[in-house]
Amino acid sequence: MSNDNKLTGAQVLARSLKQQGVTVVFGIVGIPVVDVADAIQAEGIKFISFRNEQSCSYAASAWGFLNQKPGVCLVVSGPGVVHALAGIINSQINTWPLVLIGGSCETNLEGSGAFQECLQVEMCRPYTKYSARPPSISLIPSVVERAFRYSVVGRPGAAYVDLPADYIQGAVEPSKVAIAPAVRPTFAQANPEDIKHAANVLMSAKSPLIIVGKGAAYARAEDEIREFIEKYQAPFLPTPMGKGVVPDSHKRNASSARSGALKGADVILLLGARVNWILHFGKRFNPEAKIIQVDIHPEEMGVNVPVEVALQGHLPLVVRQLIDSIPGSFVAEPEANEFVISLARHSAANAVKQEAKYRNGALPMTYHRAFYEIKQKLPEDIVLISEGANTMDIARTVYDFQTPRRRLDCATFANMGVGMGFAIAAQLHYPSSHVVAIVGDSAFGFSAMELETAVRCHLPLIVIVINNNGIYFGLEKD
């Protein structure tokens, strides 16, 4: 068979990505992956070319969170993969699905000091669920399928596929190419006996609290969680990227009384929320509180705090089990419950204090005043990318969200530089929405050149830079 009738490794990879349902790839082209980018576009997959591998890997990371499917990133060998490790680790820590594809030197030149030679598979392995090089061109589809499966099944995370230059440029007969099906995640319910135990604990509570994490947003559990809260009537507390799973305007939102809610709860139901630094490792929980933890990952159960009931399973399915297992609200008259009344009183008092901060007339403007003025000019349905130190922390208390996955920030890994990559991915995901990135001046410096990427790709996102002349509280004038 002539080479005209064969498939190159680049074509085999591109077709494998299309088979997995990929519609967009983020990346930077160069030796040896130029042919891969060409083949990807020939298959009808959009290729978004960035200025820096960190930013394109962050974009792929955010795409995975927003779409519940692996974001795909393509980079060159050596330094390209090193730079893209930022997105790999971000996805792995945040448990978002991502597949990084990196070019590498020719296999027959390994160990000879080849161009950009690097132990990429080994380098990525500690920070991924799966890291591998296909044994041959014909087996590229099998390795791609496995990377996608590892990335999205169970607790999501990152995967790496290594593609040597001689694979990319080599050719194989179509009949010898492995056939790999599209990945279809499977979901499981929790143990019914554990559900009964959890229901009994919930119905015995006098001051229950529901903590809604970003895992709930990723899992698309908003319908079930909203129904559960309407039935159970307990106060809830969203984590920063859990905002909007239940509308911030809901009367049971205890965000403005966070400390009192954590200290006063006698039962805490964790829904896709890890007890890490964001929740102060559980040290601010009532030490007598009984914890019910719902998570996809069994090893996450009981980290930092002991749990009364561990419910392992897919969050929407498990919450549905809880809905069906409780008779109604935790008390007959929730509005007369002391815990509910106390949180409402604290929330009202804090709202008055917050309003005073909005009206502060000091110059230069305070964060709260600046955010308030911006808020008045923005439509309600924005997608907000929040990045920075104080810029991100304070903005979290100012902007409200009524729907999930409309607020993205640095999340669990707390890494600077995600802003423009996240904003570009969000605008692609929400083409009809206003995407607004409010970023600190220091944070903006990490990825400012990606403004050119947004312009070139005709993405009408808005970037607002909060200039405090430095980091945190800025630099004093000499």
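This report walks through a predicted model of one protein chain, from its overall build down to a few single residues.

## The chain as a whole

Let's start with the big picture. The chain is made up of 478 residues, and a compact globule of that length would have a radius of gyration near 23 Å; the value here is 24 Å, which agrees. If you draw a box along the principal axes, the C-alpha atoms fill roughly 80 × 65 × 40 Å. Inside that box you'll find 18 helices and 17 strands.

A good share of the chain is tucked away: 56% of the 478 residues are buried. What is left open to the outside adds up to an accessible surface of about 20,500 Å², and carbon and sulfur atoms account for 53% of that. As for charge, there are 43 positive and 44 negative side chains, and the centres of those two sets sit 4 Å apart.

How far along the sequence do the contacts reach? Taking the contacts between residues at least 6 apart in sequence, 75% join residues at least 24 apart.

## Two nonpolar cores

Now for the inside. The largest nonpolar core holds 124 residues, and L17, F26, I210, I225, F228 and L311 are the ones with the most contacts within it. Helix α3, covering residues 53-67, is the biggest giver to this core, with eight residues. There is also a second, separate core of 19 residues, and A254, L279, F339 and L343 are among its members.

F228 is a handy place to look around in the largest core. Setting aside residues up to four places away in sequence, F228 touches L202, I210, Q233, L269, V319, L322, I323 and I326. Keep Q233 in mind, since that residue comes up again below.

## Two helices with many buried residues

Helix α16 runs over residues 419-429 and is mostly covered, with 10 of its 11 residues buried. Which ones are they? The buried residues of α16 are G419, M420, G421, F422, A423, I424, A425, A426, Q427 and L428.

Helix α14 spans residues 367-377, and its buried residues include Y367, H368 and A370, along with F371, Y372 and I374. What do the buried residues of α14 pack against? Their partners are the helices α13 (338-358) and α15 (390-398), plus the strands β16 (435-440) and β17 (462-466).

One of those buried residues, H368, also turns up as a contact of T397. T397 sits in helix α15, and its other contacts beyond four places in sequence are Q354 and Y358. With a relative accessibility of 38%, T397 counts as partly exposed.

## Far in sequence, closer in space

Some pairs of residues are a long way apart along the chain, yet their C-alpha atoms are separated by only a few ångströms' worth of space, as listed here.

| Pair | Apart in sequence | C-alpha to C-alpha |
|---|---|---|
| T397 and S256 | 141 residues | 8.3 Å |
| S259 and L343 | 84 residues | 9.7 Å |

S259, from the second row, belongs to helix α11, which covers residues 258-264. Its relative accessibility is 42%, so S259 counts as partly exposed. Its table partner L343 is one of the residues in the second core.

## Unusual backbone spots

Most residues other than glycine have a negative phi, and most peptide bonds are trans. This chain has some exceptions worth a look.

Two of them are cis peptide bonds. I31 and P32 are joined by one, with omega at about 5°, and P32 lies in the loop between β2 (24-27) and α2 (34-42). L363 and P364 are joined by another, with omega at about 0°. P364 is found in the loop that runs between α13 and α14.

Then there are positive phi angles. Q233, which is not a glycine, has a phi of about 65°. Q233 sits in the loop between α10 (222-232) and β10 (236-238), and at 12% relative accessibility it counts as buried. F281, also not a glycine, has a phi of about 60°. The loop between β11 (267-271) and β12 (290-295) is where F281 lies. Is F281 buried or partly exposed? Its relative accessible area is 39%, so F281 is partly exposed.

Terms used:
Residues are numbered from 1 along each chain as its sequence is written. This is a predicted model: local features need pLDDT of at least 70, side-chain atom pairs count only at pLDDT 80 or more; totals for chains, interfaces and linings use all residues. Side-chain values use heavy atoms; hydrogens and water are left out. Buried means under 20% relative accessible area, exposed over 50%, partly exposed in between (1.4 Å probe, protein chains only). Helices (H or I, at least four residues) and strands (E, at least two) are DSSP runs, numbered from the N terminus. Contact means heavy atoms within 4.5 Å. The radius of gyration is taken over C-alpha atoms; the globule rule is 2.2 Å times the number of residues to the power 0.38. Accessible areas come from the Shrake-Rupley method with a 1.4 Å probe; for residues, only the protein chains shown count as cover. Lys and Arg count as positive and Asp and Glu as negative; His and the chain ends are not counted. The place of a charge is taken as NZ of Lys, CZ of Arg, CG of Asp or CD of Glu. A nonpolar core is a set of buried Ala, Val, Leu, Ile, Met, Phe, Trp, Tyr and Cys residues joined through side-chain atoms within 4.5 Å.
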